[in-house]
Amino acid sequence: MPATLDQLVEKLQKAHGPDLVSVVLYGSAAAGDHNEKFSDYNVLCVLRRIAPPQLGASEAIFRWWREAGNPAPLLLTEDEVRTSTDCFAIEFHDIKESHRILYGADLVAPLTVETCFYRSQVEHDLRAKLLRLRQKASGVLSDKSVLLRLMADSISTFCVLFRHALLLHRVAAPVKKRDVVGRAAERFGIDAAPFRTLLDLREGRGNPKEIEPEPLLAAYLKEIGKVIDAVDRLEKTSQESIS
C-alpha cells in the first residue's frame, strides 16, 4: 500500500478511534489502472456516526489529503452505505466491482446494487459531462494547449461511463481505459482514434505540438454522441439487480 494511503489510515484511526468502521480504496488505483500524473486516490470512509464532532475531527485530515492532490474521502455511515445503492447506482457499482479494504470491515461485498434507475443515470451523466465539456471548450477554443488539457482531463470520466454503457448492453466490460475504448468501438461502432490520441496525451506518450485540437474536439464530441444514442435507445425499463 502506498505510503500516503498508510498515512491516511493512520490519521483516520487516531482521529476517530472506535467510530471508524472501514476505509475503502476504490476507482482506478484499486482496479490497477492508476496513472501517477493524472489519477488520484478515491477513498470511502465509513463511520458509526457523522455529526459536527466527527466532521471537525476530519477537517485537518481532509485538507491534507486534498493538498496531496486527491478528492476528499466520501464520508458515510454504515446505514448510508446499506441504503444508498439505489440512489448512486453507478458509484456503488464501481466501488463494489473494484475496491480494496484498507482498514476494518468489508461493507461493500454484501451490497446489492438496485439498478432500476441505472440506465437513466448513465445517460444523464453522459449527457451532463458532454454539455459541460462543450461549455468549457467554448471558453478556451482559441487556446490550443488549454483545449488539449481540457479534453485529456475529461477522457477518464468518459471511459468510466462507457464501461457502464457496455454493462447496460450486457457486454463484459474491461477495467482499463484503453480496453474500454476498444470494446466500445466494437459494440457501438465508434471511432476509437480520438480517444486513443487523448489517452496517449494523458499518459505523456503524445506530442501536443503535433495535434490539432479543434478537429480532435469535433471527432471526440461526435463519438461520445454515438454512445449516448446507444444508451438512449435501450428500453427505459428497470434492469435486473447486480449482486
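**Figure 1. Register of C45 and its neighbours in the pairing of β2 with β3.** In this predicted model, C45 lies opposite L75 of strand β3. V46 likewise stands opposite a residue of β3, namely L76. Strand β3 comprises residues 74-77, and its pairing with β2 is parallel, extending over four bridges. With helix α3 (residues 52-67), the strands β2 and β3 form a β-α-β unit of right-handed sense.

**Figure 2. Pairing of β2 with β1, and the enclosure of β2.** Strand β1 (residues 20-26) is antiparallel to β2, and six bridges are found between the two. L20 is placed opposite L47 of β2. Strand β2 (residues 42-47) is largely enclosed by the rest of the structure, because six of its six residues are buried. Both of its faces are covered: on one side the buried residues are N42, L44 and V46, and on the other they are V43, C45 and L47.

**Figure 3. The four-stranded sheet.** The strands form an open sheet in the order β3-β2-β1-β4, and the pairing is mixed. β3 and β4 are the edge strands, each of them pairing on one side only. From one strand to the next, the twist averages 20°.

**Figure 4. Surroundings of helix α5.** Helix α5 spans residues 89-97, and its buried residues are A89, I90, F92, H93, I95 and K96. These buried residues pack against elements of both kinds: the strands β1, β3 and β4, and the helices α4 (78-83), α6 and α7.

**Figure 5. V108 in the loop between β4 and α6.** V108 is located in the loop that joins β4 (99-104) to α6. The relative accessible area of V108 is 1%, below the 20% limit for burial, and V108 is therefore classed as buried. Leaving aside residues up to four places away in sequence, V108 touches V24, I95, K96 and H99. Of these contacts, I95 and K96 are among the buried residues of α5. G189, by contrast, is 81 residues from V108 in sequence, and the C-alpha atoms of V108 and G189 are 34 Å apart.

**Figure 6. A29 in helix α2.** A29 belongs to helix α2 (residues 28-31). With a relative accessibility of 14%, A29 counts as buried. A29 and H99 are 70 residues apart along the chain, and 8.7 Å separates their C-alpha atoms. H99 also appears among the residues touched by V108.

**Figure 7. Packing of helices α6 and α7.** Two packed helices are described by the angle between their axes and the distance between the axes. Helix α6 (residues 118-138) packs with helix α7 (residues 144-168) at about 165°, and their axes are 10 Å apart. The angle makes α6 roughly antiparallel to α7. The contact involves Y118, R119, V122, D125, L126, K129, L130, L133, K136 and A137 on the α6 side. On the α7 side, the contact residues are L147, L150, S154, T157, F158, L161, F162, H164, A165, L167 and L168. The crossing of these two helices is left-handed.

**Figure 8. R170 in the loop between α7 and α8.** R170 occupies the loop between helices α7 and α8. Most residues other than glycine have a negative phi. R170, although not a glycine, has a positive phi of about 60°. Its relative accessibility is 57%, over the 50% limit for exposure, and R170 is therefore counted as exposed.

**Figure 9. Packing of helices α8 and α9.** Helix α8 comprises residues 177-188 and helix α9 residues 193-202. Their axes come within 10 Å and cross at roughly 175°. The crossing angle makes α8 roughly antiparallel to α9. Helix α8 contributes K177, R178, V181 and G182 to the contact, while helix α9 contributes F195, R196, L199, D200 and R202.

Key
Residues are numbered from 1 along each chain as its sequence is written. This is a predicted model: local features need pLDDT of at least 70, side-chain atom pairs count only at pLDDT 80 or more; totals for chains, interfaces and linings use all residues. Side-chain values use heavy atoms; hydrogens and water are left out. Buried means under 20% relative accessible area, exposed over 50%, partly exposed in between (1.4 Å probe, protein chains only). Two strands pair if DSSP finds at least two bridges between them. A crossover is right-handed if, with the strands pointing away from the viewer, the path from the first strand over the helix to the second runs clockwise. Axes are lines fitted to C-alpha atoms, for helices over the stretch in contact, and angles run from 0 to 180 degrees between N-to-C directions. Angles under 35 degrees count as roughly parallel, over 145 as roughly antiparallel, 65 to 115 as roughly perpendicular and the rest as oblique. A crossing is left-handed if the near helix is turned anticlockwise from the far one by less than a right angle, and right-handed if clockwise. Contact means heavy atoms within 4.5 Å.
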